[in-house]
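Subject: Structure for you to look at

Dear colleague,

I am passing on the structure we spoke about, and below it you will find an account of what turned up when I went through it. Please read the account with the structure open beside you.

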Amino acid sequence: MREIRALGEPATAADGTAPGRRGAGRVLVAVYGTFALAAGARAAVQLSTKFAEAPVAYLLSALAAVIYIVATVGLVRGGRGGRRTALVAISAELVGVLVVGTFSLADRAAFPDETVWSVYGQGYGFVPLVLPVLGLLVLRRTAQKSPPKSPPPPKSSPPPSP
Amino acid sequence: MGPVQGPIVVAITVVAVVLAVLGVASTLARRRIGLLHLAVAAVLELLLLVQAVLAVVRMAGGDTPPETATFSGYLAGIVLVPVAGSLWARTEQTRWAGTVVAVTAAVVGVMIWRLLQLWEAPRA
């Protein structure tokens, strides 16, 4: 039995099949979960209190929320279906942030109120622009790792015990 | 200006920054998160709950911020973040557990200032 230390036990190498449940993928899921919550709450407020003011922008807000939720679920579930779901959702997210970001700059009148993707996610520190790229990278990396099961990745091996 | 909100917002920010640093440190040290992370996250959660109760009391007294729905959403959402983050990080066995904690701490740090901004918006 390992000693429980205040600073945490030594880490072990990543394993498992769901991209969102191992290593860096888990960080990604934490961020996706946050954005699912943030975009969902924002869309709910916008749609319920002032839908008529800017229906297009608010529906895009809701679409963004749905995409974040689907991506989060796909990453956590993993497997072939989960990966494909995550891939589709994250690709849609990348297209969405680029298209909405561009339109929000080109036609301010059509986007009078902020959405998660306005000005490429400026209101959220541009995280919405970086997130899909990181998501696609993690999906690609875990796909390359998945097939050969035997050799464990050497770079995150546990430190030698004292 | 919520007299109760200023100091506690600063306290929450400080604890959130400490938690973020601890999280990054454990990732750099290639360790999982430990009791220290959970203890600091618990302190953060406690502060957030106190702050939520104070805000709800003020709102029940009729002092509601203009964007009541958004404010309430942030108020309810922010107390969930450290709990969800700690649960999600605790079962992680790789060094990335600390980064999960750091991300959630950063989220709290951002949300708390947005909450203050919403609270301090001029009343109609």
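**B:Leu19 and the core**

B:Leu19 touches B:His37, B:Val40, B:Ala41, B:Leu44, B:Val101 and B:Ala105, where residues up to four places away in sequence have been left out of the list. Please bear in mind throughout that this is a predicted model.

The same B:Leu19, together with B:Leu44 and B:Val108, is among the residues with the most contacts inside the largest nonpolar core, which has 67 residues. Both chains supply this core: at least two residues each come from helix 1 (24-50), helix 2 (55-77), helix 3 (79-106) and helix 4 (127-145) of chain A, and likewise from helix 1 (5-28), helix 2 (35-60), helix 3 (68-90) and helix 4 (97-120) of chain B. Helix 4 of chain B gives the most, with 14 residues. As general background, nonpolar side chains in soluble globular proteins tend to be buried together.

**Where the chains touch**

The contact between the chains involves 25 residues of chain B and 25 residues of chain A. On the chain B side, the elements that give two or more residues are helix 2, helix 3 and helix 4, and helix 3 of chain B gives the most, with six residues. By residue type, the side of chain B that touches chain A divides into nine nonpolar, 11 polar and five charged residues.

**Helix 3 of chain B**

This helix is worth following from one end to the other. Its 23 residues should span 33 Å at 1.5 Å a residue, and because its end C-alpha atoms are 34 Å apart, the expected and the computed values agree. There is nevertheless a kink of about 25 degrees at B:Val81, shortly before the proline B:Pro82. Both B:Val81 and B:Pro82 belong to the buried residues of helix 3 of chain B, which also include B:Phe71, B:Tyr74, B:Leu75, B:Ile78 and B:Trp88. What covers the buried residues of this helix includes helix 1 of chain A, along with helix 2 and helix 4 of chain B.

**Chain A as a whole**

Chain A has four helices and zero strands, so that its elements, read from the N terminus on, run α-α-α-α. Of its 162 residues, 38% count as buried. Among the contacts in chain A with a separation of 6 or more, 62% are between residues 24 or more positions apart.

**Three residues to check**

Two residues other than glycine have a positive phi: A:Phe126, with a value near 60 degrees, and B:Arg30, with a value near 55 degrees. A:Phe126 sits in the loop between helix 3 and helix 4 of chain A, and it counts as partly exposed because it has 14 C-beta neighbours inside 10 Å. B:Arg30 sits in the loop between helix 1 and helix 2 of chain B, and with 17 other C-beta atoms within 10 Å it is likewise partly exposed.

The third residue is A:Leu59, which is found in helix 2 of chain A. Is A:Leu59 buried or partly exposed? Its 15 C-beta neighbours inside 10 Å fall short of the 20 or more that a buried residue needs, and therefore A:Leu59 counts as partly exposed. Its C-alpha atom is separated by 7.6 Å from that of A:Leu47, although the two residues are 12 residues apart along the chain.

With best wishes

Notes:
Residues numbered from 1 in each chain as written. Chains lettered and ligands numbered in written order. Predicted model: local features only at pLDDT ≥ 70, side-chain atom pairs only at ≥ 80, totals over all residues. Core = buried A, V, L, I, M, F, W, Y, C linked by C-beta atoms within 7 Å. Buried ≥ 20, exposed ≤ 12 C-beta atoms within 10 Å, placed from the backbone. Contact = placed C-beta atoms within 7 Å. Nonpolar A, V, L, I, M, F, W, Y, C, P; charged D, E, K, R; others polar. Expected span 1.5 Å × (residues − 1). Bend = angle between axes of the 7 residues up to and from the residue.
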